Each structure stands twice: as C-alpha cells, then as structure tokens.
Amino acid sequence: MVKVILVSNRLPITVLHDDQSSRVISSGGGLISALQQVIASNPTIWIGWAGSPSPAGAESLQVRPMRGMRGLVPVRLDEDEVREFYEGYCNRVLWPLFHYLGDRIPIQIDHWETYRRVNQRFADAVLETYEEGDTIWVHDYHLMLLPELLRQKLPRARIGFFLHTPFPSFEVFRILPQRTDLVRGMLGADLVGFHTASY
C-alpha cells in the first residue's frame with residue numbers, strides 16, 4: 001500500500017527508559033499538530049528519534065501504532081550521539097545560525113561527522129521502510145543531508161523537505177564551513193518548502 005513516510009528528528013512520542021523497562025508517553029509540539037491532517041487521511045509511517053538515549057545494547061524498540069497511524073519507526077541514538085548531533089551540531093550551530101544569532105555559534109564547529117552519521121542512520125531507516133510509490137517527507141534542520149542520501153539510493157522516489165526555521169541570508173549562511181553539503185543535501189528533494197517567501 002502506498003504511504004507517506006514522515007521523517008523528523010523526533011517521533012510524536014517519547015520513550016523513557018529505566019533499569020527495568022521502557023514506557024511511552026505522547027509528545028507535544030507544532031509539527032505533530034501540523035501533520036494531523038496528513039496522518040488522518042493517508043497510510044503513514046513516522047520515522048524519528050524516541051526522545052531519550054537508547055540504553056546500551058538496545059538495537060530497536062517496538063512501538064505500537066498511535067492515532068490511526070500504521071506505525072512509528074524509532075531511530076536509535078546513544079548518549080554521545082544525542083550530545084553531539086542533537087545538542088551539539090543541531091542546537092549549538094544550526095539553530096543559532098538560522099536565527100541570526102551568530103554570537104552564540106562556537107568558534108570551533110564540532111560534531112559534523114556525527115551529524116552526517118546520524119543522517120545516514122535515518123536514511124537507512126527510510127530505506128528499510130520505503131516501497132515503490134511512497135512519498136517521503138523530511139522535516140527540519142536536523143536532517144538536511146537526508147534528501148540527497150535518499151536520492152542516491154532511490155532516484156525515482158518522491159521526496160519533499162520542509163524547513164521549520166528561518167533560512168538565513170547568504171551573508172550569514174556562508175560562515176558555515178559545511179554550507180555546500182547542507183544545500184546539496186536539501187536539493188536531493190523534489191520540493192523544498194519554507195515558512196515564507198523571504199526565506
């Protein structure tokens with residue numbers, strides 16, 4: 001069955017781990033609200049991180065479908081990856097740069113390789129789920145490399161990318177050493193969306 005594969009940094013749930021078990025709670029946020037119409041009217045798979053570091057040795061999590069979705073596919077991130085990918089490159093470099101907060105960007109930009117590696121892990125999860133005819137919809141600055149990674153393996157796939165933050169002017173964006181890789185990553189999509197025409 002043809003479906004929409006939503007891919008975002010986070011799933012619409014959070015999995016909390018303790019020594020004995022894991023439990024699932026619903027997550028809030030604008031992306032979840034914005035995508036309810038898509039989820040309600042299409043067979044949907046949502047791929048993303050479950051919101052807390054996976055314990056050592058946890059290769060996958062079984063998460064039950066929610067609210068009419070066919071399923072959720074968690075991408076495992078360990079504590080180092082959460083620190084370097086999510087807290088590091090995404091939130092200490094990309095988020096301030098995209099919001100014109102250049103004074104908050106560290107002089108030494110670290111964790112690019114972790115960002116690349118995590119984007120590849122998301123690509124692997126999509127490739128395991130994808131079937132001919134599916135539409136892949138990638139969301140936000142955490143996964144800017146993902147459209148090109150997917151295009152390399154799925155040259156005929158329908159891929160969209162939507163950025164949920166401002167996109168800076170070239171004068172600001174050009175200070176980032178990895179700018180060409182990020183733009184090339186987004187351009188793997190058939191359609192790139194922004195909040196406003198000025199972005």
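## Helix H4 against helix H5

Let's start with handedness: H4 and H5 cross in a right-handed way. On the H4 side, the residues in contact are Asn119, Gln120, Phe122, Ala123, Val126 and Leu127, and H5 answers with Leu146, Leu149, Leu150 and Lys153. Sorted by class, that contact has 7 nonpolar, 2 polar and 1 charged residues. Keep in mind that this is a predicted model.

As for the geometry, H4 covers residues 112–129 and H5 covers residues 146–153; their axes come within 9 Å and cross at roughly 45 degrees. That angle is why H4 counts as oblique to H5.

## Helix H4 against helix H3

H4 also has H3 to deal with. Here the axes sit 9 Å apart and the packing angle is about 110 degrees, so H3 and H4 are roughly perpendicular to each other. The crossing of H3 with H4 is left-handed, while the one between H4 and H5 is right-handed.

H3 brings Glu81, Glu84, Phe85, Tyr89, Cys90 and Leu94 to this contact, and they meet Trp112, Thr114, Tyr115, Arg117, Val118, Asn119 and Arg121 of H4. The class split is 7 nonpolar, 2 polar and 4 charged. Asn119 is worth a click in the viewer: Asn119 is listed in the contact with H3 and also in the contact with H5.

## A salt bridge between H3 and H4

Two of the charged residues in that contact, Glu81 and Arg121, pair up through their side chains in a salt bridge, with 2.7 Å from N to O. This pair ties together distant parts of the chain, since Glu81 belongs to helix H3 (residues 79–98) and Arg121 to helix H4, 40 residues apart. Searching the whole structure turns up 10 salt bridges.

## The sheet

Now for the strands. There are 6 of them in an open sheet, ordered E5-E4-E1-E6-E7-E8, and the pairing is parallel. Strand E5 (71–75) and strand E8 (191–193) are the edges, each pairing on one side only. On average, neighbouring strands are turned by 20 degrees against each other, ignoring direction.

Zooming in on one end, E4 (residues 44–49) pairs with E5 in the parallel sense over 5 bridges. Within this pairing, Trp49 has Val75 of E5 as its bridge partner. H4 shows up here too: H4 packs on the sheet and touches E1 (4–10), E4, E5 and E6 (135–139), with its direction making about 160 degrees with that of E4.

Notes
Residues numbered from 1 in each chain as written. Predicted model: local features only at pLDDT ≥ 70, side-chain atom pairs only at ≥ 80, totals over all residues. Heavy atoms only, no water. Axes fitted to C-alpha atoms, helices over the stretch in contact; angles between N-to-C directions. Helix = DSSP H or I, 4+ residues; strand = E, 2+ residues; numbered from the N terminus. Parallel < 35°, antiparallel > 145°, perpendicular 65-115°, else oblique. Left-handed = near helix turned anticlockwise from the far one by under 90°. Contact = heavy atoms within 4.5 Å. Nonpolar A, V, L, I, M, F, W, Y, C, P; charged D, E, K, R; others polar. Pairing = 2+ DSSP bridges. Salt bridge = Lys/Arg side-chain N within 4 Å of Asp/Glu carboxyl O.
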